[in-house]
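Work through these exercises with the model open beside you. Try each task before reading its solution.

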Number of protein chains: 2
Amino acid sequence: MTTPDSPESALPELTRLRASIDNLDAAVIHLLAERFKCTQRVGELKATHGLPPADPAREQQQITRMRGIAQAAHLDPEFAEKFLNFIVSEVVHHHVAIAESHAKEATES
Amino acid sequence: MTTPDSPESALPELTRLRASIDNLDAAVIHLLAERFKCTQRVGELKATHGLPPADPAREQQQITRMRGIAQAAHLDPEFAEKFLNFIVSEVVHHHVAIAESHAKEATES
């Protein structure tokens, strides 16, 4: 039976919300794809110019900035910081791989 | 000395790339703020209609979809899946908190 509190009565709104979540996720994935193109190029630049893969000062600036943006958008700043750490650790991992492949090429050439 | 391979010579392009990364991050944070508004409402709906906080079937659909979108956008599907897991675990954590607060209200009223 469908009462105002039954699981079935939640379905129309749940379906609408999930469609919005799916649209937002698709947008985020496309932005992250673009972001990784940028960080891929940063990794190459760092490797060819002898710069270290990680940059703690830049990361600290990013954290402060992201927390501020999150706060203004009514998103938990703690979550924004965790999110940035998650992305940056993936990027640094890529940068180390790029640096190692450049070092290997330099040894072999 | 600035040679084509010196760290200093990488700075103009590095600065440009970092400005793009910062713009993309601001866009992602705003989309995630919007996404959390949706999942917050999903959490309330689930709590008031007796639906469980986590939904493994829905999560599996999201993973498959996100991997497809990532592949089309030339983003590592593994990363897209890890990203979704990161977001979903945060959301489920919120849903459990909402369900507990509803249960507490129901007991007290």
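**Exercise 1. Decide whether A:Thr39 is buried or exposed.**

Step 1. Count neighbours: A:Thr39 has 22 C-beta neighbours inside 10 Å.
Step 2. Apply the cut-offs: 20 or more other C-beta atoms within 10 Å means buried, 12 or fewer means exposed, and in between is partly exposed, with C-beta atoms placed from the backbone.
Step 3. A:Thr39 therefore counts as buried.
Step 4. Place the residue: A:Thr39 lies in helix H1 of chain A. Helices here are DSSP runs (H or I, at least four residues), numbered from the N terminus.
Step 5. List what A:Thr39 touches, leaving out residues up to four places away in sequence: A:Val91, A:His94 and B:Ile21. Contact means C-beta atoms, placed from the backbone, within 7 Å.
Step 6. Check the C-alpha atoms of A:Thr39 and A:Val91: they are 6.8 Å apart, with the two positions 52 residues apart along the chain.

Two notes on conventions. This is a predicted model, where local features need pLDDT of at least 70, side-chain atom pairs need 80 or more, and totals for chains, interfaces and linings use all residues. Residues are numbered from 1 along each chain as its sequence is written, while chains are lettered from A and ligands numbered from 1 in written order.

**Exercise 2. Describe how H1(A) and H3(A) pack.**

Step 1. Take the angle and distance: about 40°, with the axes 9 Å apart. Axes are lines fitted to C-alpha atoms, for helices over the stretch in contact, and angles run from 0 to 180 degrees between N-to-C directions.
Step 2. Classify: under 35 degrees is roughly parallel, over 145 roughly antiparallel, 65 to 115 roughly perpendicular, and the rest oblique. H1(A) and H3(A) are therefore oblique to each other.
Step 3. Give the hand: the crossing of H1(A) and H3(A) is right-handed. That is, the near helix is turned clockwise from the far one by less than a right angle; anticlockwise would be left-handed.
Step 4. Name residues: A:Thr39 and A:Gly43 are among those from H1(A), and A:Val91 and A:His94 are among those from H3(A).
Step 5. Sort the contact of H1(A) with H3(A): 4 nonpolar, 7 polar and 2 charged residues. Ala, Val, Leu, Ile, Met, Phe, Trp, Tyr, Cys and Pro count as nonpolar, Asp, Glu, Lys and Arg as charged, and the others, Gly among them, as polar.

**Exercise 3. Repeat the analysis for H2(B) and H3(B).**

Step 1. The axes of H2(B) (residues 56-72) and H3(B) (residues 77-108) come within 8 Å and cross at roughly 140°.
Step 2. H2(B) and H3(B) are therefore oblique to each other.
Step 3. The crossing of H2(B) past H3(B) is right-handed.
Step 4. The contact of H2(B) with H3(B) holds 7 nonpolar, 2 polar and 3 charged residues.

**Exercise 4. Find how chain A relates to chain B.**

Step 1. Superpose chain A on chain B: a rotation of 180° with 0.0 Å of shift along its axis does it, at RMSD 0.0 Å. The fit is by least squares on C-alpha atoms of residues with pLDDT of at least 70 in both copies.
Step 2. That is the relation of a two-fold axis.
Step 3. In chain A, the C-alpha nearest the axis belongs to A:Val28, 2.9 Å away.
Step 4. Count the contact: 45 residues come from chain A and 45 residues from chain B. H1(A) gives the most to chain A's side, with 25 residues.
Step 5. Compare sides: 100% of the interface residues of chain A are also interface residues in chain B, so the copies meet through the same surface.

Note on methods
Helices (H or I, at least four residues) and strands (E, at least two) are DSSP runs, numbered from the N terminus. Two residues are in contact if their C-beta atoms, placed from the backbone, lie within 7 Å.
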